[in-house]
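Student: I have a model open and want to learn how to read it. Where should I begin?

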Amino acid sequence: MKNHSIKCNNCKNFDAYFIKGRKRFNQTKCGWCIANKENADVDGWCTRYEEKRPVKSGQKYLYRYLSDILTDISAIRDVIEANYIGETTDNEEM
């Protein structure tokens, strides 16, 4: 019996095709099935269905990533300033 809630569109083995629209890419009604190695319809289904993992979205990951980048940039700045100050004091002594 066919389960209508299990569709290729929700399968992790399905890669939809997109066409370029005026302002964005639009998803087509077909795509590529990695498991069966053939074209598949968005509303189709097969026995090799595997549920997609939910995409982690949220700003806390973005904030953590940006915080790490800013920490790295601050460390690089400290090194550059230390080298610059060292070079200026060496030039003043001469």
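Tutor: We go from the overall fold to the sheet, then to one strand residue, then to the charged pairs. Keep in mind that this is a predicted model.

Student: Which elements does the protein chain have, and in what order do they run from the N terminus?

Tutor: Start with the element list. The protein chain has 3 strands and 1 helix. From the N terminus on, the order is β-β-β-α.

Student: How much of the protein chain is buried?

Tutor: Take the share of residues that count as buried. Here that is 12% of the 94 residues. Then look at the surface. The chain exposes about 8700 Å². Carbon and sulfur atoms supply 54% of that area.

Student: And what share of the contacts links residues 24 or more positions apart?

Tutor: Count contacts with a sequence separation of 6 or more, then ask how many span 24 or more. In this chain the share is 41%.

Student: How do I read the sheet? What is the strand order, and is the pairing parallel or antiparallel?

Tutor: Read the order across the sheet, then the direction of each pairing. This sheet is open, with the order β1-β2-β3 and antiparallel pairing. The edge strands are β1, residues 14-20, and β3, residues 38-41; each of them pairs on one side only. Neighbouring strands are turned by 45° against each other on average, with direction ignored.

Student: Over how many bridges do β1 and β2 pair?

Tutor: Over 6 bridges, in the antiparallel sense. Strand β2 covers residues 25-33. To follow the register, pick one bridge: K20 has F25 in β2 as its partner.

Student: Show me one residue in detail. What does T28 contact beyond its neighbours in sequence?

Tutor: First place the residue, then set aside what is within four places in sequence. T28 lies in strand β2. Its contacts beyond that window are Y17, I19 and V42. Its side chain also has a polar atom 2.9 Å from the backbone oxygen of C30.

Student: Now the charges. How many salt bridges are there?

Tutor: The general idea is simple. Side chains of opposite charge can pair when their charged atoms come close. With a cut-off of 4 Å between nitrogen and oxygen, the count here is 3.

Student: What does the pair of D43 and K7 tie together?

Tutor: Check the distance, then the location of each partner. The closest N and O atoms of D43 and K7 are 3.9 Å apart. D43 sits in the loop between β3 and α1, and K7 in the segment before β1, so the pair ties together parts 36 residues apart in sequence. Both are partly exposed: D43 has a relative accessible area of 46%, and K7 has 31%.

Student: Where do E50 and K12 lie?

Tutor: Read this pair in the same steps. E50 forms a salt bridge with K12, with the closest N and O atoms 3.3 Å apart. E50 is in the loop between β3 and α1, while K12 is in the segment before β1, so this pair joins parts 38 residues apart in sequence. E50 is partly exposed at 38%, and K12 is partly exposed at 47%.

Student: Which element holds E81 and R77?

Tutor: Both lie in helix α1, 4 residues apart, about one turn of the helix. Their closest N and O atoms are 3.0 Å apart. R77 is exposed, at 54% relative accessibility, whereas E81 is partly exposed, at 35%.

How values were computed
Residues are numbered from 1 along each chain as its sequence is written. This is a predicted model: local features need pLDDT of at least 70, side-chain atom pairs count only at pLDDT 80 or more; totals for chains, interfaces and linings use all residues. Side-chain values use heavy atoms; hydrogens and water are left out. Helices (H or I, at least four residues) and strands (E, at least two) are DSSP runs, numbered from the N terminus. Buried means under 20% relative accessible area, exposed over 50%, partly exposed in between (1.4 Å probe, protein chains only). Contact means heavy atoms within 4.5 Å. Accessible areas come from the Shrake-Rupley method with a 1.4 Å probe; for residues, only the protein chains shown count as cover. Two strands pair if DSSP finds at least two bridges between them. Axes are lines fitted to C-alpha atoms, for helices over the stretch in contact, and angles run from 0 to 180 degrees between N-to-C directions. A polar contact is a pair of N or O atoms within 3.5 Å; within protein, one must be able to donate a hydrogen and the other to accept it, and residues adjacent in sequence count only if both atoms are side-chain atoms. A salt bridge is a side-chain nitrogen of Lys or Arg within 4 Å of a carboxyl oxygen of Asp or Glu.
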